[in-house]
Amino acid sequence: MMRRRTTLLAGCTALVLALGATACGGGEPVAAGGGDKSLDGQTVTVAGVWSGSEQKNFQKVLDAFTEKTGAKTQFVSTGDNVSTVVGSKIEGGNAPDVVMVPQVGVLKQFAGQGWLKPLDKKVQSAVGANFAEVWQNYGSVDGTLYGLYFKAAHKSTVWYSPEALEQAGVAEPKTYDEMLKNGRTISDSGLAAFSVAGQDGWTLTDWFENVYLSQAGPEKYDALAAHEIKWTDPTVVDALTTLGKLFKDKQLIAGGQKGALNTDFPGSVEKVFGPEAEAALVYEGDFVAGVAKDQFGRTIGTDADFFPFPPVGGGEAPVVSGGDAAVVLKDGKNSEAGMALVEYLASPEAAAVWAEAGGFLSPNKKLDLSSYGDDVTRATAESLVKAGDSVRFDMSDQAPAAFGGTKGAGEWKILQDFLRDPSDPAKTAAELEKAAAKAYGN
């Protein structure tokens, strides 16, 4: 999952948060019919950011775990403030057994607080067999594996209206420069090229990360993510310059810079796939498909499709990802059963349950791709798995929240300012470094 939610907490979720209850959507175990029922009579409490359809689909996974083991489950939706909610529950003596953590930075925070149990040997074995090393690394702190990445996001996808590209006479681009060239051709045909969600600063960090990973390469990306190199590094200025080519071209962006800064993420998808199209393309992760399908009735693969974010400046095509990791809390009342749940989540069997329900990608390389319900999702999942260890986790999700995850501050605000005026990439890089140094403490 992504850190950023586009849905509001529904009634049951709101009640959970208001009353501090621990159960929502769990209930009695389904009828017996499989598994050894080794945890019969036990209850596992799980906390996570999901609500709405995501919560319902995850509940199907939990129900399958119940079917297999006999353990009941209770799900708590935390909203975006997962660390605050979980921290308060631990302090109140009501810690969940398992938390689905949406950011590497939060996982490190939990480990640093001493809240987490290392994953046991059974889980380590399953993770080692089923996941690329990069996912094991993102789930580890100081060499100890704490997190199992169950759900992933593919943030290197550009979504488009096939009809718009056909009318403009352009095909899917193979390079970043070709993408901008095609965009100008689309604009000449009477429709803006890109819908940019500048009102949401996190979308701009994703734009930057794809350009930077492709142009500067994985080693520099890792160093910048850890603040081992400064944001004033020439590679950062180069990436901002490349991104500025798009931001400053009023021919390419629907509504120009002002329009982009007044467009949030759902609005950016609506401008391409809504009832009155204003643009042909929108960059964001695989979750664009869910908005296009559920809110605007688009058929994925027919009137909404994607191409991989194209390589920049002779580099490799980037694969930026996000994800939700299952961790086990030391203070949970049933951490042993929680560990059994995480072992189950590491299996292709568990991933297949949500894959069949839709709105899900798994980094589990043992999951049969036929489990996905449509060709587009299948292709996205295949791209994520085939990228193997070249996948890089969303950089802003790895950063301290003060820099990479706070509305109106840090990287989000500075890149919004850059969208507003992209004329001085070096100045923007200096502002990014000043904010990063303060947040990282170095």
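## Salt bridges

At 26% relative accessibility, D303 counts as partly exposed. Its side chain meets that of R298 in a salt bridge, 3.9 Å from N to O. R298 is partly exposed too, with a relative accessible area of 22%. Elsewhere in this predicted model, K155, D206 and D394 are joined into one network by salt bridges that share partners. The structure holds 12 salt bridges.

Helix α10 takes part in a couple of these pairings. D233 forms a salt bridge with K220, and the closest N and O atoms are 3.7 Å apart. K220 belongs to helix α10, while D233 sits in the loop between α10 and α11, 13 residues apart. D233 is buried, with a relative accessible area of 16%, whereas K220 is partly exposed at 31%. Then there's D222, also in helix α10, which is linked to R392 in strand β13 (residues 392–393) across 170 residues of chain. That salt bridge comes in at 2.8 Å, N to O. R392 counts as buried at 12% relative accessibility, and D222 counts as partly exposed at 34%.

## A buried acid without a partner

Now for D305, which is found in strand β11 (residues 305–308). D305 is buried yet has no salt bridge. The nearest side chain of opposite charge is K174, and that is 12 Å away; a salt bridge needs nitrogen and oxygen within 4 Å. So what is D305 in contact with, leaving aside its neighbours within four places in sequence? The list runs to V158, W159, Y160, P162 and V376.

## Aromatic rings

The count of aromatic pairs comes to 29. One of them is W354 with F360, a stacked pair with 5.0 Å centre to centre and 20° between the planes. Both of these residues are buried. Ring pairs also tie W354 and F360 into a cluster with W50, F58, F75 and F150. W354 has a charged visitor as well: K151 lies over its face, at 5.4 Å from the ring centre.

## Nonpolar cores

The largest nonpolar core has 71 residues, and F58, W135, F150 and L345 touch the most other members. Helix α15 (residues 335–345) gives the most to this core, with six residues. Apart from it lies another core, of 53 residues, with A164, L204, F208 and L419 among them.

Back to W135: leaving aside neighbours within four places in sequence, W135 is in contact with Y149, A152, S321, G322, P363, L384, V391 and F393. F58 and F150, named above for the first core, turn up in the aromatic cluster too.

## Loops and positive phi

Most residues other than glycine have a negative phi. D142 goes the other way, with a phi near 50°. D142 is placed in the loop between β5 and β6, and is exposed, with a relative accessible area of 81%. G143 lies in that loop as well, between β5 (140–141) and β6 (144–145). G143 is exposed at 73%. The C-alpha atoms of G143 and A351 are separated by 26 Å, with their positions 208 residues apart along the chain.

H227 isn't a glycine either, but has a positive phi of about 55°. Is H227 buried or exposed? H227 is buried, with a relative accessible area of 6%. Its place is in the loop between α10 (218–225) and α11 (234–247), which is also where D233 is found.

Definitions and conventions. Residues are numbered from 1 along each chain as its sequence is written. This is a predicted model: local features need pLDDT of at least 70, side-chain atom pairs count only at pLDDT 80 or more; totals for chains, interfaces and linings use all residues. Side-chain values use heavy atoms; hydrogens and water are left out. Rings of Phe, Tyr and Trp (its six-membered ring) pair if their centres lie within 6.5 Å; planes under 30 degrees apart count as stacked, over 60 as edge-to-face and the rest as tilted. Buried means under 20% relative accessible area, exposed over 50%, partly exposed in between (1.4 Å probe, protein chains only). A charge sits over a ring if NZ of Lys or CZ of Arg is within 6 Å of the ring centre and within 35 degrees of the ring normal. Helices (H or I, at least four residues) and strands (E, at least two) are DSSP runs, numbered from the N terminus. Lys and Arg count as positive and Asp and Glu as negative; His and the chain ends are not counted. Contact means heavy atoms within 4.5 Å. A nonpolar core is a set of buried Ala, Val, Leu, Ile, Met, Phe, Trp, Tyr and Cys residues joined through side-chain atoms within 4.5 Å.
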